[in-house]
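Please look over the sequence and the model shown below before reading on. The paragraphs that follow begin with the question of confidence and then move through the fold element by element.

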Amino acid sequence: DLQNPPPYSHPSLTSTRRAVCSAHAQLMPIGPLAAPLRLFLLSAIMSASSGHRILCLHGSGGSGDAFLARLAHLQEGTARSFHAIDAPSGRRTWWTYSAGERSFTASSYEGAEQSIAAVEAELESGGYVGLLGFSQGAMLAAIVAARASLRESCPLLRFAVICAAAVPKPYEPLLERLRAAPEAAAALPTLHCLSEVDSINPPELGEAVAACFTNPASATLWHGGGHDVPPPRLAAEVLAWMDKAVVADAR
């Protein structure tokens, strides 16, 4: 989230990092049917992402087209279909707040409800299975994913990738409600991509967002790229996690 903020200096972090789940299924032989069964299951896993649509949400000051270009390394050689929309305000931001505030300090936003409605309408009409957001777009993705997890919207959404987020302050009660919900373990699987050297959104606030999504398939991926999406060298890990989330989802 960047709305002309001053740089943020944060202390070094010592919390335990969760490893990103492997995408390889463990297929056990079963008698004479082992070979054909393995081939069938492997085919199902490999085709899990084929044609699946993922909606991408740009950061503040960005645009849908520019964000897709930034994600080019995730789109190369894949059957997944990445799409992006622009913030409905026409001002390249999903919401605004008072001068001197940040998304993680402001008590209220202007335009957030319009943005939430626009994203949920696009998800429900476009046949998307995944959501990927960056910075302010990642906070919006967390809000939408929390609402989907609580069965308040987007019943077909199956995962969310949340990059360089912080806690969206006015929606902190929504995230806490998700964290405390009895069905929280069945919440939407989420991948939280964070950097310890992010000087825009404090990574400990990204960890706070991640802690609200308790599905066993959720994970945190750390990288050294600062306030950015994961670099190309980690693209395979992100895509593998997406595949596993789609295959394992039984909501």
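Over residues 2-34 the pLDDT stays under 50, and for this stretch the model has 51 contacts beyond four places in sequence. A second stretch, residues 36-50, also stays under 50 in pLDDT, and there the model has 12 contacts beyond four places in sequence. This is a predicted model, and its protein chain has a mean pLDDT of 83, with 77% of the residues reaching 70 or more.

With that in mind, the chain as a whole can be described. The protein chain has 8 helices and 6 strands, and along the sequence these follow the pattern α-β-α-α-β-α-β-α-β-α-β-α-β-α. Of the 251 residues in the protein chain, 52% are buried, while the accessible surface comes to about 11300 Å², with 57% of that area belonging to carbon and sulfur atoms. Among contacts in the protein chain between residues at least 6 apart in sequence, 81% join residues at least 24 apart.

A convenient place to enter the fold is strand β3, residues 128-134. Because 7 of the 7 residues of strand β3 (residues 128-134) are buried, this strand is largely enclosed by the rest of the structure. Strand β1 (residues 53-57) runs parallel to β3 and is joined to it by 5 bridges, and within this pairing Cys56 stands opposite Leu132 in β3. β3 also pairs with β4 in the parallel sense, again over 5 bridges, and here Gly133 stands opposite Ile162 in β4.

Gly130, found in strand β3, gives a closer view of these surroundings. Gly130 counts as buried, because its relative accessibility is 0%. Leaving aside residues up to four places away in sequence, Gly130 touches Arg53, Ile54, Leu55, Leu123, Leu157 and Phe159. The C-alpha atoms of Gly130 and Val161 are separated by 7.8 Å, although the two residues are 31 residues apart along the chain.

The path from β3 onward passes through helix α5, and β3, α5 and β4 together make a right-handed β-α-β unit. In the loop between β3 and α5 lies Ser135, which has a positive phi of about 55° although it is not a glycine. Ser135 is buried, with a relative accessible area of 2%. Helix α5 (residues 136-149) has 14 residues and reaches 20 Å from its first C-alpha to its last, close to the 20 Å expected at 1.5 Å a residue. Since 13 of the 14 residues of α5 are buried, this helix is largely enclosed by the rest of the structure.

Beyond the helix, two further residues have backbone angles to examine. Arg151, which follows α5, has a positive phi near 60°. Cys154 lies in the loop between α5 and β4, and its phi, near 45°, is likewise a positive value in a residue other than glycine. Cys154 counts as buried, at 3% relative accessibility.

From β4 the description passes to strand β5. Strand β4 (residues 159-163) and β5 run parallel and are joined by 4 bridges, with Thr190 in β5 as the bridge partner of Ala160. On its other pairing, β5 meets strand β6 (residues 219-223) in the parallel sense over 5 bridges, where Leu191 stands opposite Ala219 in β6.

Is strand β5 buried or exposed along its residues? As 6 of the 6 residues of strand β5 (residues 190-195) are buried, the strand is largely enclosed by the rest of the structure. In a regular strand the side chains alternate between the two faces of the sheet. In β5, Thr190, His192 and Leu194 point one way whereas Leu191, Cys193 and Ser195 point the other way, and all are buried.

A second β-α-β unit completes this tour: β5, helix α7 (residues 203-210) and β6 make a right-handed one. Within helix α7 is Glu207, which counts as partly exposed because its relative accessibility is 21%, and the cut-off for a buried residue is under 20%. Glu207 and Val167 are 40 residues apart in sequence, and their C-alpha atoms are 9.0 Å apart in space.

Key
Residues are numbered from 1 along each chain as its sequence is written. This is a predicted model: local features need pLDDT of at least 70, side-chain atom pairs count only at pLDDT 80 or more; totals for chains, interfaces and linings use all residues. Side-chain values use heavy atoms; hydrogens and water are left out. Buried means under 20% relative accessible area, exposed over 50%, partly exposed in between (1.4 Å probe, protein chains only). Helices (H or I, at least four residues) and strands (E, at least two) are DSSP runs, numbered from the N terminus. Two strands pair if DSSP finds at least two bridges between them. A crossover is right-handed if, with the strands pointing away from the viewer, the path from the first strand over the helix to the second runs clockwise. Contact means heavy atoms within 4.5 Å. Accessible areas come from the Shrake-Rupley method with a 1.4 Å probe; for residues, only the protein chains shown count as cover. The expected span of a helix is 1.5 Å times one less than its number of residues. pLDDT is the predictor's confidence in each residue, from 0 to 100.
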